[in-house]
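Colleague: I'm new to this one. Can you walk me through it?
Modeller: Sure, here it is.

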2 protein chains.
Amino acid sequence: MKINSIGEFGLIERIKRCVTPGGSSVLIGIGDDAAVVEGRPGLYRLITTDAFVEGIHFKREFATPWQIGWKTMAANLSDIAAMGGTPRWAVVCLAFPETMSVEEAEELYRGMDAVCSEFGCSIVGGDTSLSPDRILISITVIGEVEKKKLTLRRSAKIGDAICVTGDLGGAQAGLDVLKEKGKTDQKVVERHLEPTPRVKEARTMGEVAQIHAMIDISDGLSSEVHHICRESRVGARLFAVQVPILPDAKQVASRQGRSPLDYALNGGEDLELLFTLSPVDVERLKAHLLSNTGTRVTIIGEIVESESGVVIVGEDGRERELASLGYQHFRD
Amino acid sequence: MKINSIGEFGLIERIKRCVTPGGSSVLIGIGDDAAVVEGRPGLYRLITTDAFVEGIHFKREFATPWQIGWKTMAANLSDIAAMGGTPRWAVVCLAFPETMSVEEAEELYRGMDAVCSEFGCSIVGGDTSLSPDRILISITVIGEVEKKKLTLRRSAKIGDAICVTGDLGGAQAGLDVLKEKGKTDQKVVERHLEPTPRVKEARTMGEVAQIHAMIDISDGLSSEVHHICRESRVGARLFAVQVPILPDAKQVASRQGRSPLDYALNGGEDLELLFTLSPVDVERLKAHLLSNTGTRVTIIGEIVESESGVVIVGEDGRERELASLGYQHFRD
């Protein structure tokens, strides 16, 4: 069977069936942002891993080695944030062609180390090897989370408010600017190349409210909403006018003749957090997060019954199904 | 600077300097078979990671997807064994071309799961993505070890006996047989494609003796002896006649006009354990290991003062320096 016929998410479902289920030490196996296994007293241990292939996930013509290091590590830290946790230790596999210099390899690690240091994580090991023709990076980050602060995809409740941190669309707009060449919309390019994982925000949220479900926006808002709904067996109603779009991304969209909402819904790589919680907790959480991290939280919709599906109310007031158009490997 | 001018091990030394040292939670960072960080009460947590690139680490013409899965996972479990630990949880990154079938991907995971299941480890997560032209696998395994059973490279003591488990040379002989085509020396091919990580042996050893230093033989015996000596600041004297060589590997060597000792010293990938301990403990350990696991232990030399260097006494009784000729990436 060709992989394109089932896509990345279909493949993951099949892989699950090839793997012996973990014993009592495994709370969450394949299928969330990170695995959750037993940890030190009162804590769960979180394990997340991601691979990045030159030409697929990044291009050397667009990013310095330092930026490639920063971004790949940031994506992993973001997965730990999505579980409500604190990243602690990272290991890195780097395979690259002989044409790459020692200095480039060093810059790559410095970029990884910079974002790790900012969020209290240490690079403790790894593996280096030869790759014939392109750079390959894989990173595993191990984190910890207090048992009652763990946030899964599967725990959204009907009636929850659906919220996001920050602004969306910047990362995709940044990629389009890089492709344009000669353009220098610095802010969106920075969002694309040096995204900030929302580790502090995730930790701060846990101080004042019970977050029901959470995921980071790595493939695109539309896919992530679908992930939460599928895992939680609920539906969702989003409101297009409420989706926070980075102003600079709107400018790029207008220049490119693209829809800013499309950037936000389907662009991916923003590394913002998408989460659900009881509506009565939202105002307290917004105020606490703004004063402690400077980050804004926006309500973009509500969790509804599964039968209602996953829909978005457009700017015209009409409701339509929300297609899951975020990035997915192996899709025709 | 070109990477070939410093080699893989030189690169690792430089990477260490680019990375902020871990805090008090990190006992061993970059440079052993696995990182060692704080764990559950009485335990250290071990983290090891390895990447495997098609065409460099494995070839699809020689191995089935199941075998590729088995071998790549076995190499990681072996790293946990080398620290004296128990593998617990694994995460897997798999990137591959669209031409690979769903069934091949499933077989790869089944091979990984088979060796994990045999040694009490669970695959709990991962990442799948597209790779333009070759399969890329990276695996991270997290293990645990009782604090006093931890075995590092750096703790060999002068006067220690140097020992290995099992027989050496089989994996390299197996690779040569596969390259010959048409030949079917099943035993060495199996050693190459389906090696057994010595997890049970490492755990059993810890029951009856204090192992001083340990490493697994993944790059070749000669390199591994040098790693232990450099990290422990000691020398070593090996005896060629005592190095245990798999009888089937001797046959292949003779057919190929190669030296069986060369297979054992420089072949790599045998996944046997190389370790040092007080000579008074050796006989007890050998008997205990044989009766509990069926695995033989052989003394191949002794730890000496650093000034004496790393030498091997040949079959002719003459002592010569032991060159570190095991596999190393980025070496001219």
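**The sheets, the domains and the pair**

Modeller: In chain A, seven strands make an open sheet of mixed pairing, in the order E8-E10-E7-E11-E9-E12-E13. Strands are DSSP runs of E with at least two residues, helices are runs of H or I with at least four, and both are numbered from the N terminus. Two strands pair if DSSP finds at least two bridges between them.

Colleague: Before we go on, what sort of model is this, and how do the labels work?
Modeller: This is a predicted model, where local features need pLDDT of at least 70, side-chain atom pairs count only at pLDDT 80 or more, and totals for chains, interfaces and linings use all residues. Residues are numbered from 1 along each chain as its sequence is written, while chains are lettered from A and ligands numbered from 1 in the order in which they are written.

Colleague: Back to that sheet. Which are the edge strands?
Modeller: Strand E8 (211-216) and strand E13 (319-321) of chain A, each pairing on one side only. From one strand to the next, the twist averages 25°. Angles run from 0 to 180 degrees between N-to-C directions, and axes are lines fitted to C-alpha atoms, for helices over the stretch in contact.

Colleague: How many bridges join E12(A) to E13(A)?
Modeller: Three, and the two strands run antiparallel. E12 of chain A covers residues 310-313. A:Val313 is opposite A:Glu319 of E13(A).

Colleague: Which helix packs on the sheet and touches E11 of chain A?
Modeller: Helix H10 (residues 282-293) of chain A, which also touches strand E7 (161-165) and E10. The direction of H10 makes about 150° with that of E11(A). Helix H7 (residues 221-232) of chain A lies across E8, E9, E10 and E12, at about 140° to E8(A).

Colleague: Next sheet. What is the strand order in the six-strand one?
Modeller: E1-E2-E3-E6-E4-E5 in chain A, again an open sheet, with mixed pairing. Strand E1 (26-28) and strand E5 (122-130) are at the edges with a single partner strand each, so one side of each has no neighbour in the sheet. The twist here averages 20° from one strand to the next.

Colleague: Do E4(A) and E5(A) run parallel or antiparallel?
Modeller: Parallel, joined by eight bridges. In one of them, A:Val91 has A:Gly125 of E5(A) as its bridge partner.

Colleague: Which strands does H2(A) lie across?
Modeller: E3 (43-53), E4 and E6 (136-146) of chain A, and H2(A) runs at about 25° to E6(A).

Colleague: What about domains? How is chain A assigned?
Modeller: Domain 1 is 3-148 and domain 2 is 151-321. Such bounds come from an automatic or database domain assignment. The C-alpha centres of the two domains of chain A are 22 Å apart.

Colleague: How many residues of the two domains of chain A are in contact?
Modeller: 21 residues of domain 1 with 20 residues of domain 2. Contact means that the C-beta atoms, placed from the backbone, lie within 7 Å. H2(A) gives the most to the domain 1 side, with eleven residues. By class, that side has 13 nonpolar, four polar and four charged residues. Ala, Val, Leu, Ile, Met, Phe, Trp, Tyr, Cys and Pro count as nonpolar, Asp, Glu, Lys and Arg as charged, and the others, Gly among them, as polar.

Colleague: Now the two chains. What turn lays chain B on chain A?
Modeller: A turn of 180°, with a shift of 0.0 Å along the axis and an RMSD of 0.0 Å. That is the relation of a two-fold axis. In chain B, the C-alpha nearest the axis belongs to B:Arg40, 2.3 Å from it. Copies are superposed by least squares on the C-alpha atoms of residues with pLDDT of at least 70 in both.

Colleague: And how many residues of chain B are in contact with chain A?
Modeller: 65, meeting 65 residues of chain A. E5(B) supplies the largest share of the chain B side, nine residues. That side has 33 nonpolar, 20 polar and twelve charged residues. The copies meet through the same surface, because 100% of the interface residues of chain B are also interface residues in chain A.

Colleague: At what angle do H1(A) and H3(B) cross?
Modeller: Roughly 35°, with their axes coming within 9 Å. Among the residues that meet there are A:Leu11 and A:Ile15 in H1(A), and B:Ala105 and B:Tyr109 in H3(B). The residues of this contact are six nonpolar, no polar and four charged.
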